[in-house]
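Reader: I should like to go through this model step by step, beginning with its overall build and ending with the contact between its chains. Could the discussion proceed by question and answer?

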Amino acid sequence: MKYLRAALARLVGFFTGDRADADLREELQAHLEMATAENIRRGMRPDEARRQAMLASGGLTGAAESVRDQRGLPWLEGIAADVRYALRTLRRSRVFTAVVVITLALGIGANTAMFTLLRGTLLRPLPNRDGQRLVYLRQSAPGAREQNVLFSVPELADYRAGSNTLSAIAEFSSSLPFTLVGSDGHPVRVKVGIVSGNYFDVMGLEPVVGRLTNAGDDGPAAAPVSVLSYEYWNERFGGDPHIVGHTVRLNDKVSTIVGVVQPAPHYPEPTDVFVNTVTSPHHLSATMVTGRTHRMSEVFARLAPNSTVDQARVELTRIATGMFHDHPESYEKAKQFGITVMPLRDALNERASFMFWLLMGAAAFVLLIACANVSNLTLMRGVGREREMHVRAALGAGTARLRRLLLVENLALALIGGAIGVLVAYAGLKLLVAFAAQLSPRAHEIRVDGVVLAVGLATSVLVAIVLSFVPRIGGERTLGTSLAPTGGGRRTTLGRGRQRVQQSLVVAQVAACVVLLSGAGLLVRTLTKLASVETGVRADHVLTLDMPLEGDLLREVMKQPQNFAKYEAVRERVATLPGVEIASLGAAAPLRASIMEMDVKAEGQALAPNQMMPHGAVRSVDPQYFNVSAIPLLKGRAFEATDRRGSPLVVILNRAFAKKLFGDVDPIGRRVAMTGDVLRFTPFTGDWRTVVGVVGDTRDHGLDNDPTPTMYEPFAQELIFGATLIVRTTSDPAVVQPMIVKAIHDLYPRQLIEHIATVEQIRDETVAPRRLNAMFIASFGALAFVIAMVGIAGVLAFSVSSRTAEIGIRMSLGADTGRVRRMILSEGGVLLAAGLVVGLTGALFATRLLSGLLFGITAHDPVTLGAVALILTAVGIGACWLPAARAARVDPAVALRAE
Amino acid sequence: MAEKLDVQQGTLALMILKTLDVLGPLHGYGVARRIEETSKNRLTLNYGTLYPALLKLEQEGSIKAEWRQSENNRRAKFYSLTAAGRKQLARETREWNQTADLIAAFLAPRRETS
């Protein structure tokens, strides 16, 4: 109580100091006069009486100061003064301040940005209720290079029946294309997720409007219902709160919108509309419900109370093993079926986690370099200020007080830098989200919030504290001992210990810079390697447009003659347009992976035991396809107009598939057929087809993948799932494109047209994520590079200015300018060389982390490391040259007189 | 001349409180004079010691201050004990006596008897 009262009184005193000061002066004056009067009474002369009274009482000013300290909050008043002082000093040394602030802004900005990314995607808990209890199940067949084969209805029934560690299992599937027709009557493609009734309950999501699905929505008797995703609700329906009860047409079903679900990460696919199974007739068909190999569903589950992910993993693996044993026909040994169980949060960030932590590491590195640089600058400045410190110490400032002054200065620098850094990070948020969206479905959760700002602030404060204590690391001359007067002269060089610290900081900067630049260099080299990969198709002046079928795909497919007639009409019309050289039809654009992949057997070719059935993509294309995309015909003939429905079935193989199916045997004239269990669930037949040609390979699964084994079928002969129009233009595709779109709509006003892209763009899409990775790492590398070069130049410049006298003496003793320049250059050269050696050694280890992201080069690619070393050496010498040239210009007469 | 002593930490507050208790409201000079006299001039108080101590007691609520006319018609700041100050004086006197007894007993020359 007593202390509280005293503290309160002090706080009041802090603000009412002026009035109290006058009071105090009067009180002390009264005291003095009374003492003087007393002395006079004792018989002293008045002036002597006053002097004695003064002596006895110990001086008015000191007393007033002591009372003031007791009255207010002296440390706070001191800090206010320190802040004013710090800002004044910083304003005076503008260049120093600017360099430090910019360096820190870059360092802190990079870290804030990366932390924002990390927090939004990896660190924050899921918005789902009890999100940490959610798991994602994945069935894979690594033997067949299938990372995710999904689950079939009978498989899920087995897991549901056998599992005690999971309290509920929900299904989600998204494979079929849907068109949605709203009240405006225009069809649009939507991304539909077909979910089991318990999906939202299991996922722990709440409705924003209306209701979500429940068990009553399962089964064939339920009415078709739709739940909108939060994003689609806003984007398409403008967040209309009265949306519930409206109907939309999804393919052929009229579906009622029952609600909108809260925002949540979309996994595994972005989804616009969630529907119950009755909306997709296919999901209730007999083949789907009873076919063990008809795998369509992604599976999410909630852990039972008291169960852990590990327990679930053990249990589900046991169930799976039993299943593989009971149904050997559905689980070929060679395909190595298996089940993975992982927390949903890990599944969401499967691809992002590594890259984001890597970038966070890079950002931390940049901050480290920035700190090293700033402490170097501070050290140099500290030397120049040593005399100031002596004066302050002589005037009675304690070591703690001086330390505080430095801390306040550094805090001011770091906070200004931090504030600019956070602003930079904030400005870059859009780019950041775009980058993150490629890797994580949680990217839209990224935002700068209080926690992020707090971390930015904490980083700044931490940086300031580190900087304030760096002068201490130097060893023999701590701030305290350096206050002992060392003669009045201006000390201009660092003690040996501190010099060594400063030099190691420069070496560390250069080394860190080498590591970052090597990483960036490897990624850039990967890009150039990829750019030179032969795709197997012609990319320039080829425009592609998807024209999907509308409605229930499985029913539409059966109308082959009408569909073919329609697409044929479009092709003929477009072919006559000016600027169009060739128009062609195919099931998919060149370089886009075909949605259809099948097991294919070759007549008369026996499979070796344990050899898997050859598997490849199936594409239907028209006779012009190989022309338009410039895929070379290696053997036999291309398709002709006579290869149509009713004529003998023919196919063309690409070289990779021909080799896989027939080895070295000439495939022309031989027969192949689609096969496998999956065929039952498709409208295709396993009839024998004759191979009439062999064409060149194409890389449809990305430039970094092997050519895809492909079987081409005549477009006119097969069922049509929709078509892509492929057009080679004589002029700029962008100019021709609107004419093509108009021509199509003239013929079929309601025809959907999607994914308009040139083959160049398609090719680019496969490289884009790598380019972003490379860009991010490279920008960190560039940042580090700039900072390190400023650092080395700064250290040398300081060295030169502090050695002006020495240089003057050397020159007056006969050293010529070349010699002086060499001296300074070699001083920098040693630092540079040491940094390069340390950095290259570090890079050999660090770049191994990147090996998964590389293509066509090893993590130790000598060209990259060599180039980095070369560039750093060249620019480093350039950075040393400026101060060296300045040293060479020293006029001995002037230099010596200056001392 | 008698040996000069520094005011021991913590004892000054007690001396001030006792002085005010004995003499009633008094200005800073009076307090200083009284303490010096009582100590037979072995203690001298300068402003830098006395006034911060007075202020601290005032902040803690043990004494209060008001401006009044002094005996020789000069305006001076008079300090007087508050109720809390009286309680503090009683408590600190008791504590001090106990401590003093303890130290005295401890320092008394005494042979250990077996």
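The questions and answers below concern this predicted model.

Reader: How many helices and strands are there in chain A?
Author: The count rests on DSSP runs, with at least four residues for a helix and at least two for a strand. On that basis chain A has 28 helices and 23 strands.

Reader: Among contacts in chain A between residues at least 6 apart in sequence, what share joins residues at least 24 apart?
Author: A contact here requires heavy atoms within 4.5 Å. Of the contacts in chain A that link residues at least 6 apart in sequence, those joining residues at least 24 apart make up 81%.

Reader: What percentage of the residues in chain A is buried?
Author: A residue counts as buried when its relative accessible area is under 20%. Chain A has 899 residues, and the buried ones amount to 51%.

Reader: Which helix supplies the largest share of the largest nonpolar core?
Author: In soluble globular proteins, nonpolar side chains tend to be buried together. The largest nonpolar core here has 96 residues, and A:M355, A:F356, A:F435, A:I807 and A:L872 have the most contacts inside it. The largest share of this core, 17 residues, comes from residues 759-802 of chain A, that is, from helix α24.

Reader: Which residues of another core, apart from this one, can be named?
Author: A separate core comprises 35 residues. Among them are B:L12, B:L17, B:Y79 and B:L81.

Reader: What area is buried between chain A and chain B?
Author: The size of an interface is often given as the accessible area lost when the parts come together. The contact takes 27 residues from chain A and 24 residues from chain B. Carbon and sulfur atoms give 58% of the area buried between the two chains, which is about 2,400 Å².

Reader: Which residues in chain A lose the most area to chain B?
Author: Three residues together account for 27% of what the chain A side buries. They are A:E27, A:H31 and A:M34.

Reader: What is the N to O distance in the salt bridge of B:R33 and A:E38?
Author: The count between chain A and chain B is four salt bridges. A salt bridge calls for a side-chain nitrogen of Lys or Arg within 4 Å of a carboxyl oxygen of Asp or Glu. The side chains of B:R33 and A:E38 form such a bridge, with an N to O distance of 3.8 Å.

Reader: Which element gives the most to the side of chain A that touches chain B?
Author: The elements giving two or more residues to that side are α1 (2-15), α2 (17-41), α3 (46-57) and α4 (60-71) of chain A. With eleven residues, the element that gives the most is α2(A).

Methods
Residues numbered from 1 in each chain as written. Chains lettered and ligands numbered in written order. Predicted model: local features only at pLDDT ≥ 70, side-chain atom pairs only at ≥ 80, totals over all residues. Heavy atoms only, no water. Buried < 20%, exposed > 50% of the residue type's maximum accessible area, 1.4 Å probe, protein only. Core = buried A, V, L, I, M, F, W, Y, C linked by side-chain atoms within 4.5 Å. Buried area = accessible area lost by both parts, 1.4 Å probe.
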